[in-house]
Amino acid sequence: MEKWKCKICDWVFDPAIGDPDNGVPAGTAFEAVPSDWVCPICGAAKDEFEKE
């Protein structure tokens, strides 16, 4: 699975890790992350991420 990087703060979403503190378990592909999920660092919307 591909990693995705926030264009605002450069935080990287790694599907192997997910974002468990915000309801996204490890093993979740970025495409399967809910549309209302936001970057845990800066709050950017999901559409502010790009493939790394």
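Me: Helices (H or I, at least four residues) and strands (E, at least two) are DSSP runs, numbered from the N terminus. With those labels in hand, where does D10 lie?

Reply: D10 is found in the loop between β1 and β2. Before we go on, this is a predicted model, in which local features need pLDDT of at least 70, side-chain atom pairs count only at pLDDT 80 or more, and totals for chains, interfaces and linings use all residues. Residues are numbered from 1 along each chain as its sequence is written, while side-chain values use heavy atoms, with hydrogens and water left out.

Me: Why does D10 count as partly exposed?

Reply: Buried means under 20% relative accessible area, exposed means over 50%, and partly exposed covers what is in between (1.4 Å probe, protein chains only). D10 comes out at 48% relative accessibility, so the label is partly exposed. The backbone of D10 also deserves a look: phi is positive, about 70 degrees, although this residue is not a glycine.

Me: And what makes C9 partly exposed?

Reply: C9 has 29% relative accessibility, so the in-between class applies here too. This cysteine also lies in the loop between β1 and β2. Contact means heavy atoms within 4.5 Å, and, leaving aside neighbours within four places in sequence, C9 is in contact with C39, I41 and C42.

Me: How do you know that K51 and E2 form a salt bridge?

Reply: The rule asks for a side-chain nitrogen of Lys or Arg within 4 Å of a carboxyl oxygen of Asp or Glu. In this pair the closest N and O atoms are 3.3 Å apart, so the condition is met. K51 is in strand β3 (residues 49-51) and E2 is in the segment before β1 (4-6), which puts the partners 49 residues apart and makes the pair a link between distant parts of the chain. Both ends are partly exposed: K51 has a relative accessible area of 48% and E2 has 45%.

Me: What makes D14 and K3 a salt bridge as well?

Reply: Their N to O distance is 3.8 Å, so this pair also passes the distance rule. The partners sit eleven residues apart in distant parts of the chain, with D14 in the loop between β2 (12-13) and β3 and K3 in the segment before β1. D14 is at 17% relative accessibility, so D14 counts as buried, whereas K3, at 37%, is partly exposed. The count of salt bridges comes to two.

Me: Why does D19 have no salt bridge?

Reply: For this search Lys and Arg count as positive and Asp and Glu as negative, while His and the chain ends are not counted. The nearest side chain of opposite charge is K46, 12 Å away, so the salt-bridge limit is not met. D19 is nevertheless buried, with a relative accessible area of 6%. Outside the four-place window, D19 is in contact with F13, V24, W37 and P40.

Me: Which residue's charged end sits over the ring of F30, and how do you know?

Reply: That is K46, and the test is NZ of Lys or CZ of Arg within 6 Å of the ring centre and within 35 degrees of the ring normal. The charged end of K46 is 5.2 Å from the centre of the F30 ring.

Me: Why is the ring pair of W37 and F49 called tilted?

Reply: Rings of Phe, Tyr and Trp (its six-membered ring) pair if their centres lie within 6.5 Å; planes under 30 degrees apart are stacked, over 60 edge-to-face, and the rest tilted. By this rule there are nine aromatic pairs. For W37 and F49 the centres are 5.3 Å apart and the planes are at 50 degrees, so the pair is tilted. W37 is in the loop between β2 and β3 and F49 in strand β3, twelve residues apart, so distant parts of the chain are linked. Ring pairs join W4, W11, F13, F30, W37 and F49 into a cluster.

Me: What makes the largest nonpolar core a core, and which residues are in it?

Reply: A nonpolar core is a set of buried Ala, Val, Leu, Ile, Met, Phe, Trp, Tyr and Cys residues joined through side-chain atoms within 4.5 Å. The largest one has ten residues: W4, C6, F13, V24, F30, V33, W37, C39, A44 and F49. A44, for one, has a relative accessible area of 9%, so A44 qualifies as buried.
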